[in-house]
Amino acid sequence: MLELRSVTKRFGDVDAVREVSLSVPDGAFLVLLGPSGCGKTTLLRMLAGLEMPSAGQIVFDGQVVSDGDRAWAVDPARRNSGLVFQSYALWPHMTVRGNVEWPLKVAGMARPEREARVAEVLRMLGIDGLARRFPNEISGGQQQRVAIARTIAPRPGVLLFDEPLSNLDAKLRVEMRTELMRLHRATGATTVYVTHDQIEAMTMASHVAVMRAGRVEQFGTPLDLVERPETAFVATFVGTPPGNLVPVRRNGTGWVVGGRHMPLEPPADGAQALFRAETLRLEGAEGPRTLPLELAEVSTIAGRVMVTAIAPDLRLTAVTEALPAARVGETVHIGLPETPAAWFAPTGERIG
Ligand SMILES: Nc1ncnc2c1ncn2[C@@H]1O[C@H](COP(=O)(O)OP(=O)(O)O)[C@@H](O)[C@H]1O
Ligand SMILES: [Mg+2]
């Protein structure tokens with residue numbers, strides 16, 4: 001089990017990570033998801049032992065490995081974890097085999113055992129044919145595989161990844177996603193994986209911690225986040241496409257969305273309604289629940305049509321079966337469902 005207890009990290013007057021508490025079971029695939037600058041890398045580096053928490057504890061398998069309150073931590077090399085960075089940082093003067101073998105040598109593994117393990121992990125990552133090449137003689141995708149092979153070779157109990165796929169092209173990224181999940185099943189190692197890409201998070205994770213400004217905004221399974229978002233931020237950060245958040249204002253006795261009166265019953269003035277893309281409809285004409293918006297984007301994904309329409313302070317994305325008759329720049333009528341999927345306070349917390 002991996003546990004974080006009120007882990008905080010300050011750099012001068014920047015609170016990079018604020019009181020993060022999490023507990024994930026052995027063998028979990030935890031994704032730290034959030035926008036750039038929210039503290040993901042800092043948290044991962046504390047897990048790896050490269051950074052001392054300012055406060056709080058990190059516990060692997062019931063043993064405290066970092067204690068910020070006492071400024072004490074187990075050395076990175078002695079905490080049974082392996083870290084893969086975004087940039088592969090292979091040793092350029094060593095062959096692929098040499099790179100993967102090095103940490104085993106350092107750990108004092110005997111030669112026959114070492115050679116067997118190197119052969120095994122190179123096979124696991126499908127790079128056994130590249131053993132004699134140097135890093136500058138293989139592609140970026142192959143280099144990242146070597147970096148992963150090097151990290152898993154010593155069989156760490158906790159595997160840490162910091163945006164490992166962000167330097168790869170889109171197709172390779174999707175392939176590597178599948179391979180990393182296969183690797184996770186094969187090794188059984190508890191994995192912590194940092195990304196800003198919600199699709200990566202939602203497809204790979206057993207558990208997701210959505211981070212914002214140093215805090216964990218919500219922790220749960222991918223399904224929890226989509227079905228029961230606890231904050232407006234989470235609701236608009238996850239899902240394909242993410243949910244539509246619409247502020248509803250009082251006007252006289254009624255409620256107004258995007259300048260039009262709507263038969264809605266918000267729990268408070270300024271509350272934000274969450275409408276899932278698949279519940280919005282593209283209507284042929286104006287109706288009691290439609291908003292006239294400018295068609296901004298149309299795309300087809302896996303046989304479904306994604307339609308985005310805008311007004312000066314509104315942007316709605318709907319998933320529809322058919323292409324709109326209107327063209328980009330023309331007016332479309334987007335129909336809202338009777339009840340939104342959720343309500344959020346103007347400050348973001350869920351209120352209904
Ligand atoms: N060594 C450092 N010194 C000062 N500030 C830092 C340092 N490392 C990170 N930060 C700050 O901490 C915050 C979180 O950074 P980081 O963990 O790299 O975010 P992420 O990986 O989510 O993009 C940012 O505001 C960043 O500028
Ligand atoms: Mg980062």
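Helices and strands here are DSSP runs, numbered from the N terminus, with helices taken as runs of at least four residues and strands as runs of at least two. With that in hand, the ligand site is a handy place to start in this predicted model. Strand S2 (14-24) and helix H1 (40-48) each put at least two residues into the shell around ligand 1. The biggest share comes from H1, which gives three residues. Going through the shell in sequence order, ligand 1 has Phe11, Val14 and Ala16 around it, then Gly34, Ser36, Gly37, Cys38 and Gly39, and finally Lys40, Thr41 and Thr42.

H1 itself is mostly covered, with eight of its nine residues buried. Those buried residues include Lys40 and Thr41, both of which also belong to the shell of ligand 1. The others on the buried list are Leu43, Leu44, Arg45, Met46, Leu47 and Ala48. Right after H1 comes glycine 49, with a positive phi near 85 degrees.

Zooming out, the chain carries eight helices and 22 strands. Its C-alpha atoms fill a box of roughly 80 × 45 × 30 Å along the principal axes. Of the 352 residues in the chain, 39% are buried. Among contacts with a separation of 6 or more, 63% are between residues 24 or more positions apart.

The chain splits into domain 1 (2-237) and domain 2 (244-344). Taken over C-alpha atoms, the centres of the two domains are 39 Å apart. Contact between them involves five residues on each side: five of domain 1 and five of domain 2. Between helix H8 (232-237) and strand S12 (244-247) there is a loop, and proline 241 sits in it. The peptide bond leading from threonine 240 into proline 241 is cis, with omega near -10 degrees. Most peptide bonds are trans, and most residues other than glycine have a negative phi.

As for the interior, nonpolar side chains tend to be buried together in soluble globular proteins. In this chain the largest nonpolar core has 88 residues, and those with the most contacts inside it are Val31, Leu32, Ala149, Leu160 and Ile334. Domain 1 (2-237) and domain 2 (244-344) each contribute at least three residues to this core. Setting aside residues up to four places away in sequence, valine 31 touches Tyr193, Thr195, Ala201, Met204, Ala205 and Val208.

Leu160, another of the core residues with the most contacts, belongs to strand S8 along with Val158, Leu159, Phe161 and Asp162. S8 (residues 158-162) is mostly covered, with five of its five residues buried. The side chains alternate: Val158, Leu160 and Asp162 point one way, while Leu159 and Phe161 point the other.

S8 has partners in the sheet too. Strand S7 (residues 81-84) runs parallel to S8, joined to it by four bridges. One of the pairs here is valine 84 with phenylalanine 161 of S8. S8 also pairs in the parallel sense with strand S9 (residues 190-195), over five bridges. There, aspartate 162 is bridged to valine 194 of S9. Getting from S8 to S9 takes the chain through helix H5 (residues 170-187), in a right-handed β-α-β crossover.

The loops on either side of S8 each hold a residue with an unusual backbone angle, given that most residues other than glycine have a negative phi. Arginine 155 lies in the loop between helix H4 (140-152) and S8. Its phi is positive, about 55 degrees, although arginine 155 is not a glycine. Glutamate 163 is in the loop between S8 and H5, and its phi is positive as well, at about 45 degrees. Their surroundings work out as follows. Arginine 155 counts as partly exposed because it has 15 C-beta neighbours inside 10 Å. Glutamate 163 has 20 C-beta neighbours inside 10 Å, so it counts as buried.

A last stop is alanine 77, in the loop between strand S6 (72-73) and S7. With 12 other C-beta atoms within 10 Å, alanine 77 is exposed. Alanine 77 and isoleucine 199 are 122 residues apart in sequence, and their C-alpha atoms are 32 Å apart in space.

Notes. Residues numbered from 1 in each chain as written. Chains lettered and ligands numbered in written order. Predicted model: local features only at pLDDT ≥ 70, side-chain atom pairs only at ≥ 80, totals over all residues. Core = buried A, V, L, I, M, F, W, Y, C linked by C-beta atoms within 7 Å. Domains from an automatic or database assignment. Contact = placed C-beta atoms within 7 Å. Pairing = 2+ DSSP bridges. Right-handed = clockwise from strand over helix to strand, strands pointing away. Near = placed C-beta within 6 Å.
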